[in-house]
Structures are given as structure tokens and as C-alpha cells.
Amino acid sequence: MDEQKNEQIEPIESPEETVEQTPAKPNMRTRYLVRILVGGYVAYLGWQLVQSYIQGTASSKALAIIAGAAFLLLGGALAIWSVILLTRDDS
């Protein structure tokens, strides 16, 4: 009495097919602006370290001047490079 039904089995859709394909391209202008802010903040922190060295309030003077100079250079470079890329991207 076991009757086999001839049902058509529909293939299961993969998740890649059901999700709409949207480009993963972020807004570059916003990314550059965030980089400018972060670079400026890192440079500001470097300046604060250098000032603490100049005023003599740093607990480790060698660390303050080395880290301060590194932060100033890296933060300033990040901010300046992001401004260049932002202006290049706008044109």
C-alpha cells in the first residue's frame, strides 16, 4: 500500500542567490574625513607629549620625545595624505 508520489523536488536556493548583490564600495569622502580627524588627533597627542618634555613634566623624557615625534609625524602624514586624496578624489 505504499504508494510513491512523483513529486518534483525544487532545488534549494543558496543564500548568495537570495541576497541582493550590492556593491561593497564605501563612501570614500567620509573615509577620508575620518582619516583627517584621526590623523589630527594623533598629531595633537604627539604635540602634548612634546610639550610635556619641553616643560619637564614628563616622567620618562626619552619616551616622551620619541613617542611625541613619532605621533606628530605619523598623525600629520596621515592627515595631509588624506587631504591630498580627498581633493584628488573630488576633481
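Author: Quick definition before we start: helices and strands here are DSSP runs, with at least four residues for a helix and at least two for a strand, numbered from the N terminus. And keep in mind that this is a predicted model.

Reader: Fine. So how many helices and strands are in the chain?

Author: Three helices and zero strands. Going along the sequence, the pattern reads α-α-α.

Reader: What share of the residues is buried?

Author: Of the 91 residues in the chain, 18% are buried. The chain exposes about 7,900 Å², and 60% of that comes from carbon and sulfur atoms.

Reader: Any nonpolar patch on the surface? Which residues form it?

Author: Tyr-41, Tyr-44, Leu-45 and Phe-71 form one, with about 400 Å² of accessible area together.

Reader: Which helix gives the most to that patch?

Author: Helix H2, residues 28-55, with three residues. Phe-71 sits in helix H3, which covers residues 61-90.

Reader: Why does Phe-71 count as partly exposed?

Author: Because its relative accessible area is 35%, and partly exposed runs between the 20% and 50% cut-offs.

Reader: Switching topic. Where is Arg-31?

Author: Arg-31 is in helix H2. Its relative accessibility is 37%, so Arg-31 is partly exposed.

Reader: And how far apart are Arg-31 and Ser-82?

Author: In sequence they are 51 residues apart, while their C-alpha atoms are 8.9 Å apart in space.

Reader: What about contacts across the chain, how much comes from residues 24 or more positions apart?

Author: Such pairs account for 68% of the contacts with a separation of 6 or more.

Notes
Residues numbered from 1 in each chain as written. Predicted model: local features only at pLDDT ≥ 70, side-chain atom pairs only at ≥ 80, totals over all residues. Heavy atoms only, no water. Patch = residues over 30% accessible without salt bridge, like charges linked within 9 Å, V, L, I, M, F, W, Y side chains within 5 Å. Areas by Shrake-Rupley, 256 points an atom, 1.4 Å probe, with all protein chains shown as cover. Salt bridge = Lys/Arg side-chain N within 4 Å of Asp/Glu carboxyl O. Buried < 20%, exposed > 50% of the residue type's maximum accessible area, 1.4 Å probe, protein only. Contact = heavy atoms within 4.5 Å.
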